[in-house]
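Q: Please take a close look at one part of this structure for me: the place where the two chains meet. Then follow one helix beyond it.

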There are 2 protein chains.
Amino acid sequence: MSISNDMLNLAQEAKQAGRVMANLSSAVKNDLLLRMAADLEQSAPELIEANELDLAAARERGLAPAMIDRLVLNDDRIKAMADGLREVAALPDPVGEVTGMWRRPNGIQVGRMRIPLGVIGIIFESRPNVTADAAGLCLKSGNAVILRGGSEAIHSNSAIGNVLKQALTRMSLPAAALQVVATTDRSAVLELLKLEDEIDLIIPRGGEGLIRFVSENSRIPVIKHYKGVCHAFVDASADFEMAERICLNAKTQRPGVCNAMETLLIHKDVAETFVPRIVAAMRQAGVEIRGCEVTREFAPEVKAASEEDWHAEYLDLILAVKVVDNQSDATDHINRYGSLHTEIIITSDYAHAQRFLREINSSVVMVNASTRFSDGNQLGLGAEIGISTTKLHSFGPMGLEDLTTRKFIVLGDGQIRQ
Amino acid sequence: MSISNDMLNLAQEAKQAGRVMANLSSAVKNDLLLRMAADLEQSAPELIEANELDLAAARERGLAPAMIDRLVLNDDRIKAMADGLREVAALPDPVGEVTGMWRRPNGIQVGRMRIPLGVIGIIFESRPNVTADAAGLCLKSGNAVILRGGSEAIHSNSAIGNVLKQALTRMSLPAAALQVVATTDRSAVLELLKLEDEIDLIIPRGGEGLIRFVSENSRIPVIKHYKGVCHAFVDASADFEMAERICLNAKTQRPGVCNAMETLLIHKDVAETFVPRIVAAMRQAGVEIRGCEVTREFAPEVKAASEEDWHAEYLDLILAVKVVDNQSDATDHINRYGSLHTEIIITSDYAHAQRFLREINSSVVMVNASTRFSDGNQLGLGAEIGISTTKLHSFGPMGLEDLTTRKFIVLGDGQIRQ
């Protein structure tokens, strides 16, 4: 059979299975996730054995040690996957929620009820834990899921998938609700991306290359997360101690992630005092600064920033610093160079805070808090399936609710249209 | 200049203008719409003059009378456009709405605020009133809008667009917030569909051909509305008088629209009584019936339905009728042949009603009410920008809220991540 037929069959089976999953009670879904968690822990020896095959292949291909580390499954990481499933089991179920009903003049009652999307395709790279994490969120929200991980983790992903499917089978639920694409053939992805009648949403998780490849080739809606060029704006009214603490945290607490600060904007009225202070603090923390001309007036040791620096997602201990004339200039800079991910203001001025919240249309906008809170767990969504930096369907960190949609429900007692 | 450059410039200007529109108060936006309404009425002579050019060209090309009728602008239709704008002005503004905030253990407050999408592209056919209707909804929700109507209405659409832009200019708002693409060159659409950095959403309004063309060629998210194969299921417990009334209304009140009933499913326990009754009533109303074998047992004069009939969106006085063994069979039939648009059950059984509401995942699901209520106005959304039959972002009739998205807002007092 061809890859094209294989993928179509797999997706059609998932669609059928999704109809069953959509109508399960929360209790059954939670029970499923808890069984999956227990099964993963009990199957640790087999999972580690399968993982050895991937690790051996990776070493043979000379993969970088950091990449190999991401691939590793051990008892701790298997426990973390199981605990992740338990956390999702404990989250409220969005399916079936009706957020208010209203009555029309003719007496019909109208409301909107949350329902699963149907079939979700996850295309991801490297870390095998995504198999369990994504499966948990998709199944809890009443969807079927098709998982396609990277070829470097094919044995690990398949082994995890098989363990999770056992739990479905043992509960007499359709095993096809969870599909792990077990071929390393890249054309399998292209075939999946054509199946708009079977798959409702594609979520790519990985580098920008993967995300562009998926979104350019997909006929199915794709939730995209390109990059995080997060800005902090230190207003003239900022408390310097708070500004320093937040900026240091935003830049250095974990510099390699998308919600780390990459550019710092400073109001000119406080540049003379705050620029030397923050430059010194950042350098002490091992951060290289690239500054605009005004920044360099007040901190001559700083390297000059180029146009590229304003676009950069460093993901490293490097920070671009620019002094701006006022809040409008800060907003213009963010509009021009930002990635719609996360921006923060540090201010003690009520009107400036309100204006920042209103005018900055990034997916997460904060006052006096670190960019590092831009994360599904930190914001209180429970687990996170990804972050969207495009505005359709979901914008920002995505939790269970983002894997659902709403249908209208109407309760009548015989009404007809005049 | 090339079409490609023209479209890019136009979209970039729209994006800039959208940033201004996003931050207008509701009062200013409402004022804008009311001025536009008055301007349209005052400009009736010019609009009718421009419309004459389109009508002359249409007659020359031998367009069908029904198509020519859709094109006509007269005083009544201009007044209807103006009234439409006034109605949208009166609707609540979704922008800025924060639906609940919650506090995290570290004290940050988190909420989600509705914001405009940015730039919305509307690709439509024939009726020139879409120019005013779509502009009103997009501007009221704080977006910029790019309108591309059919070449047969180019003069009318441009004239309406010019009148509407005057109101923007007179209020010192950016005229680029409303763009009417004034070329009949079809490649303009293809160019627009590539501009994913400038345009946030494309809404095609027209026949299935237009919608497929747009969605196959777009790099921008598209809200699709393919067709409405709407079902009614008459349960064994249905009140026959109510069932007859609703079915007649659903089929005949306006058969040419997407929320008309196309297939009637009847529970076998009541087929002997209800089939002859509804067949007689439908025939009296001029409806041709195409039935399954069981239907034809009880109403021998009925034509046999073929497999095609179950898929058909007749948009005409034709109805497919099938007798089913039980509710599960009705659900299976709807899952197999439905278009996710609108389905209704007529029942007096509480559990069956609940089950139908839960199990049918079409965009509108009703109990004891006519399919014809599946419409933004009827459901209480105010005006309607379209109907989505795919699940991403919006599902079902779309109002102002569907032209927005939500960003996270976070209020802190110095919190950093541990």
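A: Start with the contact in this predicted model. Chain A puts 55 residues into it, and chain B puts in 55 residues. On the side of chain A that touches chain B, the elements that give two or more residues are four helices and three strands by name: helix H1 (3-22), helix H10 (240-252), helix H15 (350-359) and helix H16 (376-379), with strand E2 (109-116), strand E13 (364-369) and strand E16 (404-415). E16(A) gives the most to that side, with 11 residues. By type, the residues of this side of chain A divide into 25 nonpolar, 18 polar and 12 charged.

Strands also pair across the two chains. E13(A) pairs with strand E16 (residues 404-415) of chain B. The sense is parallel, and the pairing runs over 5 bridges. Within it, A:Val367 stands opposite B:Leu411 in E16(B).

Now turn to one helix of chain B. Helix H2 (residues 26-42) has 17 residues. From its first C-alpha to its last, H2(B) reaches 24 Å, close to the 24 Å expected at 1.5 Å a residue. Its buried residues are B:Lys29, B:Leu32, B:Leu33, B:Met36, B:Ala37 and B:Leu40. Seen down the axis of H2(B), these fall within an arc of 135°, so they line one face of the helix. An α-helix has 3.6 residues a turn, so residues three or four places apart point the same way. On the other side of H2(B), B:Ala27 and B:Val28 are exposed. What covers the buried residues of H2(B)? The cover includes helix H5 (75-90), helix H6 (129-140) and helix H7 (154-170) of chain B.

Terms used
Residues numbered from 1 in each chain as written. Chains lettered and ligands numbered in written order. Predicted model: local features only at pLDDT ≥ 70, side-chain atom pairs only at ≥ 80, totals over all residues. Contact = placed C-beta atoms within 7 Å. Nonpolar A, V, L, I, M, F, W, Y, C, P; charged D, E, K, R; others polar. Pairing = 2+ DSSP bridges. Expected span 1.5 Å × (residues − 1). Buried ≥ 20, exposed ≤ 12 C-beta atoms within 10 Å, placed from the backbone. Arc of directions from axis to C-beta.
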